[in-house]
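Let's take a friendly walk through this structure, beginning with one helix and its surroundings and then stepping back to the whole chain.

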Amino acid sequence: MTPVIWRKAGVHDADALALLGSATFLATFAFDHPGQPLIEHLRTEHSPEYYANALAQPGVDIVMGETPLGAPVGYAMITPPSHPDLQQDGDIELKRIYLLGPWQGGGNGRQLLEQAFAIAAERGAKRMLLAVYENNEKAVAFYERAGFAAIGNTVFMVGDVPFRDMVYARPLI
């Protein structure tokens with residue numbers, strides 16, 4: 001398998017992140033998300049402007065994985081927590097973690113998660129939160145193997161269509 005080189009993303013990576021985010025979201029969720037709301041979601045939540053704005057925020061970091069030739073294959077987005085009813089002091093959120101299919105299953109997902117843990121440690125976080133779609137069994141199993149446990153749930157909107165996400169947490173200290 002082609003190796004992955006991990007690095008922190010910058011605003012100049014917004015186009016690549018938008019393409020990668022759209023491709024992975026579509027590949028993962030097209031099976032049960034209605035077409036037009038899904039397309040609109042990708043246009044807004046995975047646009048170059050979205051990523052450029054996110055990377056300009058002081059509390060947001062994105063770790064990006066590329067092939068040795070510079071092709072983007074995965075990323076993790078770490079943000080302040082967004083689950084006020086479930087969060088505690090010292091929490092940080094793994095907002096997104098995406099990896100193209102051919103790079104899954106060979107330890108790259110674990111490496112990407114370790115990159116996210118390293119950023120959380122740099123920020124002094126005590127616990128990492130994430131939300132995962134309840135029907136994304138592969139991701140749920142990955143997070144549980146990594147020590148995350150369900151602490152509640154939330155609603156994730158794709159357009160005007162609600163989806164149930166489970167909120168997971170993992171102690172970092």
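## Helix H2 and its neighbours

The buried residues of H2 pack against three elements: helix H1 (14–29), strand E6 (149–158) and strand E7 (161–171). Bear in mind as you look that this is a predicted model.

Which residues of H2 are buried? Within this helix, which covers residues 35–45, they are Pro37, Leu38, His41 and Leu42. Viewed down the axis of H2, these buried residues fall within an arc of 140°, so they line one face of the helix. The spacing has a familiar background: an α-helix has 3.6 residues a turn, so residues three or four places apart point the same way.

## The fold along the sequence

Stepping back, the chain has five helices and seven strands. Their order along the sequence is β-α-α-α-β-β-β-α-β-α-β-β.

Contacts reach well along the sequence too: among those with a separation of 6 or more, 64% join residues 24 or more positions apart.

## Size and packing

What radius of gyration does the chain have? The value is 15 Å, which agrees with the figure near 16 Å for a compact globule, given the 173 residues. The C-alpha trace spans about 40 × 35 × 30 Å along its principal axes, and 46% of the 173 residues count as buried.

## Surface and charge

The accessible surface of the chain is about 8,600 Å², and carbon and sulfur atoms contribute 56% of that area. As for charge, there are 13 positive and 19 negative side chains, with the centres of the two sets 6 Å apart.

Notes. Residues numbered from 1 in each chain as written. Predicted model: local features only at pLDDT ≥ 70, side-chain atom pairs only at ≥ 80, totals over all residues. Heavy atoms only, no water. Helix = DSSP H or I, 4+ residues; strand = E, 2+ residues; numbered from the N terminus. Rg over C-alpha atoms; globule rule 2.2 N^0.38 Å. Buried < 20%, exposed > 50% of the residue type's maximum accessible area, 1.4 Å probe, protein only. Contact = heavy atoms within 4.5 Å. Areas by Shrake-Rupley, 256 points an atom, 1.4 Å probe, with all protein chains shown as cover. Lys, Arg positive; Asp, Glu negative; His and termini not counted. Charge placed at Lys NZ, Arg CZ, Asp CG, Glu CD. Arc of directions from axis to C-beta.
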